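User: I am new to this structure and should like to learn how to read its features. Could you guide me through them step by step?

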Amino acid sequence: MAYVVPKESFNGKVLSLDFGKGDKAVSIGGENTLPFLSFEGEVPNRPLVACEIQDCPPDDWPDTVKNVYKDVSADPVTWAGYCRDELKAKAIALRLVSTHPDRGDRSAEDAAKTIKDVLAAVDVPLIILGSNHIEKDADVLVAAAGAASGYNCIIGKAQEGNYKTIVAAALAHNHKLIAMSELDINLAKQLNILITQMGFDKEKLITDPMCSGLGYGLEYTYSVMERIRLAGLAQNDPTMQPPILGDVGMYVWKVKETVASEPDVPDWGSLENRSIAWETITATSMLLAGTNLLIMRHPAAIGNVEKTIDELM
Amino acid sequence: MALTGVQIFKLLPKTNCKKCGFPTCLAFAMKLAQGGVELSACPDVSEEAKQTLGEASAPPIRAFTLGTGEKAVKIGGETVLFRHEKKFVNPCALAVNIKDDLGEEEIADIAAEVANSEIDRVGQKLRIDAISIEYASGDSAKYEAVVKLAAEKAPEAAIILNCKDAAAVEAAVKAIAGRKPLIYCATDATAGEMANIAKANSVPLAACADGPEALSALTEKIKALGVEDIVLDSGAKTAKEIIEDNTRIRRSALKKNFKPLGYPVINFVLRDDPVYEASIASVAIAKYASIVILSSIEKWKNLALFTLRQNLYTDPQVPMQVEQKVYDIGEASADSPLMITTNFSLTYFIVSGEIENSKVPSRLAVMDCEGLSVLTAWAAGKFTASKIAQFIKESGVESRVSNKELILPGQVAILSGSLEDKLEGWKVTVGPREANAIPTFLKGRAA
Ligand code: B12
Ligand code: SF4
């Protein structure tokens with residue numbers, strides 16, 4: 001029996017997008033094949049890993065990852081500098097946690113100042129994330145978009161309940177935008193449609209179908225991402241062609257496997273390796289499902305994932 | 001090649017007797033053509049039809065068992081490329097590779113680690129399924145002794161004889177024939193000898209060639225020599241080779257019904273750094289390997305890889321569920337606290353685990369919410385005050401508690417008022433939001 005290479009050729013293509021400025025700017029997306037299948041298509045850009053920082057000390061992060069940043073995390077500018085200089089981060093994701101009403105309720109103006117300071121000090125492409133409070137994010141991200149005007153950032157996340165103001169701000173200040181929905185391909189599609197109907201260019205969108213950690217719903221995220229990719233490539237559905245985000249760190253660094261000490265769970269082995277493996281494997285799985293942009297926390301996990309991407313490209 | 005529904009129909013009895021569960025022979029034939037049923041479902045099919053259809057109706061990827069006994073694992077038999085289409089069928093076997101030139105003690109230790117690797121996660125018992133013993137010493141007597149030792153120390157694990165030397169393999173196979181080891185591997189040069197050994201001892205054989213095309217020629221050769229249970233190694237080593245070759249192989253088998261590649265795949269992911277190795281192992285697990293060979297099996301790594309395998313091999317349509325009922329945890333009595341949660345397996349096992357940790361005997365009422373987590377069930381209208389009230393009333397738990405108090409998950413604190421209205425005579429208490437706060441919460445109450 002003669003073997004014929006079973007190639008698929010797709011009409012659709014993942015949109016490509018760049019962010020950041022000057023020679024530090026980076027591009028993601030652009031492939032016209034399922035993840036890493038270079039034998040049948042083009043994979044022009046490697047997936048990008050952004051290093052996550054916060055506008056306040058990460059008190060709620062487990063020790064394994066909190067301790068890595070203990071000398072720099074008191075101040076976001078120092079923290080961002082550390083990511084650039086020591087970790088050689090290709091992008092940084094700044095989460096404005098302290099604007100959340102339950103986490104300090106800092107004002108939108110405060111947030112804008114933080115962003116200006118970080119942007120002035122560190123030239124790495126920046127992702128600006130709200131605190132995931134629907135109403136507050138609408139204020140904070142508008143101010144943030146203004147503060148970052150001209151820096152070609154990614155801002156997010158726009159959700160069903162607040163996308164209008166955030167989209168308008170991203171449009172006005174020429175940023176890229178993350179649209180997040182909750183683990184449902186139809187919701188993801190619908191939100192992208194609503195956003196583009198406001199005149200926002202689909203080439204500037206990133207879809208976040210919502211991440212989940214290994215052992216805690218990972219399979220849902222994995223399958224929703226695969227379905228989005230197939231819809232974009234095989235069915236050539238333009239609303240399903242933006243690059244995909246996997247916001248890995250925040251879903252991983254709270255589950256018991258990244259927190260429980262060795263004496264508490266002797267059957268689970270080393271906490272350090274266990275938690276780093278947890279973030280690594282969650283991220284690797286997301287890459288296989290179609291993620292173009294990852295947000296991660298632990299440098300060792302980022303290192304493993306970068307090495308895995310080297311092998312996959 | 002695959003037959004069409006109409007071609008199959010011509011070979012059936014055409015009596016429309018319905019014994020197969022289909023209204024007509026044609027309907028059955030159509031389903032058979034898609035691989036959705038087995039020919040044996042028709043009791044009246046002729047011998048001749050069986051012969052003709054045998055090949056065509058065989059599953060596109062052959063399934064067989066690795067090892068023997070209760071913990072033997074079934075591999076292969078997959079039917080789809082993406083898990084949202086249909087459940088991935090047989091979770092891949094995870095194995096550790098041991099070189100035969102390590103010290104005896106070290107080999108015995110690793111084998112014992114395999115034997116003790118079982119962990120319970122979300123109600124499933126998960127373990128390292130196999131040991132691969134690599135012929136590194138060049139001394140066949142030593143190899144045989146090490147194979148015997150490992151087999152004895154891990155009495156339930158499947159054994160993979162990682163050895164390209166036919167004479168050494170033959171001796172080792174004979175030494176543990178009862179364990180049905182997998183021979184790894186035959187190459188183009190050794191296909192004849194290896195196939196004869198596999199056939200004579202009724203054990204599966206791995207075929208190893210450079211890339212899918214050469215591999216397909218090799219499996220045809222091996223099959224012609226009478227070996228049915230074949231495992232594929234395309235020589236993939238890097239993550240890219242793994243994802244590309246495994247995709248080509250799975251697509252050939254499923255979409256082209258290309259029999260020479262219709263077998264389970266084995267991948268070696270050996271790396272020096274164990275966390276990094278876990279990352280590459282994830283590529284193999286997600287992308288179609290049926291056997292993944294690791295160089296080390298630390299507890300943390302096993303837990304992570306078992307969890308990934310479990311996640312990807314769950315049924316995408318039906319979340320894992322536990323039975324609706326009131327569970328006693330510890331020596332529960334009429335005075336013990338009563339808590340409620342949903343029947344999503346993950347939720348149940350996390351919550352019951354934390355209640356156990358608290359050492360406070362308790363009752364946990366588990367309500368059928370079609371396998372959804374607490375918040376998801378609440379958002380979907382399945383974990384509402386009236387449904388909870390009805391469940392508690394019908395469960396009969398009222399007669400078993402002295403103190404009518406129900407503890408709610410903190411995530412649905414919002415339900416407490418309306419639940420109190422609906423459950424007359426009951427007090428509703430809001431528990432912590434996260435299960436890991438349950439021990440402190442329960443101990444605080446007991447004090
Ligand atoms: C996976 C998931 C799904 C899966 C379902 C998985 C499943 N089997 O339940 C799918 C994709 C199907 C899904 C669907 C929906 N989902 Co959903 N989903 C999630 C997700 C990501 C994880 C849920 C999970 O598995 N948690 C893990 C389990 C173990 O948690 P748990 O059951 O709550 O248990 C914990 C605690 O509650 C506590 N606990 C449990 N029991 C008890 C008992 C006591 C006494 C105590 C003290 C504590 C306690 O202990 C556990 C560990 O700490 C969450 C977001 C998130 N990351 O949490 C959203 C989430 C729950 N979903 C949400 C929504 C809205 C939905 C949908 C309605 C919307 C949609 N996308 O269509 C649908 C509804 C489903 C339906 N059939 O109609 C929302 C709910 C929002 C809200 N506050 O109302 C969430 C929070 C997402 C969000 N951020 O908005 N979802
Ligand atoms: S059992 Fe056989 S003969 Fe009867 S209807 Fe089905 S296919 Fe036809």
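**Reading a ligand site and a sheet**

Analyst: We may begin with a polar contact in this predicted model. An oxygen atom of ligand 1 lies 2.7 Å from an N or O atom in the side chain of E434(B). A backbone N or O atom of S373(B) is 2.6 Å from an oxygen atom of ligand 1, and a polar side-chain atom of Y220(A) stands 3.2 Å from a nitrogen atom of the ligand.

User: Where does ligand 1 lie with respect to the chains?

Analyst: Ligand 1 is situated between chains A and B. It is surrounded by 33 residues, the closest being E182(A), T341(B), T347(B), S373(B) and E434(B).

User: Which helix supplies the largest share of the shell around ligand 1?

Analyst: Helix 13 of chain B does, with five residues. By class, this shell comprises 23 nonpolar, six polar and four charged residues.

User: How should I read the strands of a sheet?

Analyst: Strands of a sheet pair through backbone hydrogen bonds, in either a parallel or an antiparallel manner. In chain A, an open sheet of eight strands follows the order 8-7-6-5-4-3-10-9, with parallel pairing. Its edges are strand 8 (205-208) and strand 9 (245-247), each of which pairs on one side only.

User: How many bridges join strand 3 to strand 10 of chain A?

Analyst: Four bridges join strand 3 (residues 48-54) to strand 10 (residues 293-296). Within this pair, V49(A) is opposite L294(A). Helix 5 (residues 163-172) of chain A packs on the sheet, where it touches strand 6 (154-158) and strand 7 (176-180).

Note on methods:
Residues numbered from 1 in each chain as written. Chains lettered and ligands numbered in written order. Predicted model: local features only at pLDDT ≥ 70, side-chain atom pairs only at ≥ 80, totals over all residues. Heavy atoms only, no water. Pairing = 2+ DSSP bridges. Helix = DSSP H or I, 4+ residues; strand = E, 2+ residues; numbered from the N terminus. Contact = heavy atoms within 4.5 Å. Axes fitted to C-alpha atoms, helices over the stretch in contact; angles between N-to-C directions. Near = heavy atom within 4 Å. Polar contact = N/O pair within 3.5 Å; in protein donor to acceptor, adjacent residues only side chain to side chain. Nonpolar A, V, L, I, M, F, W, Y, C, P; charged D, E, K, R; others polar.
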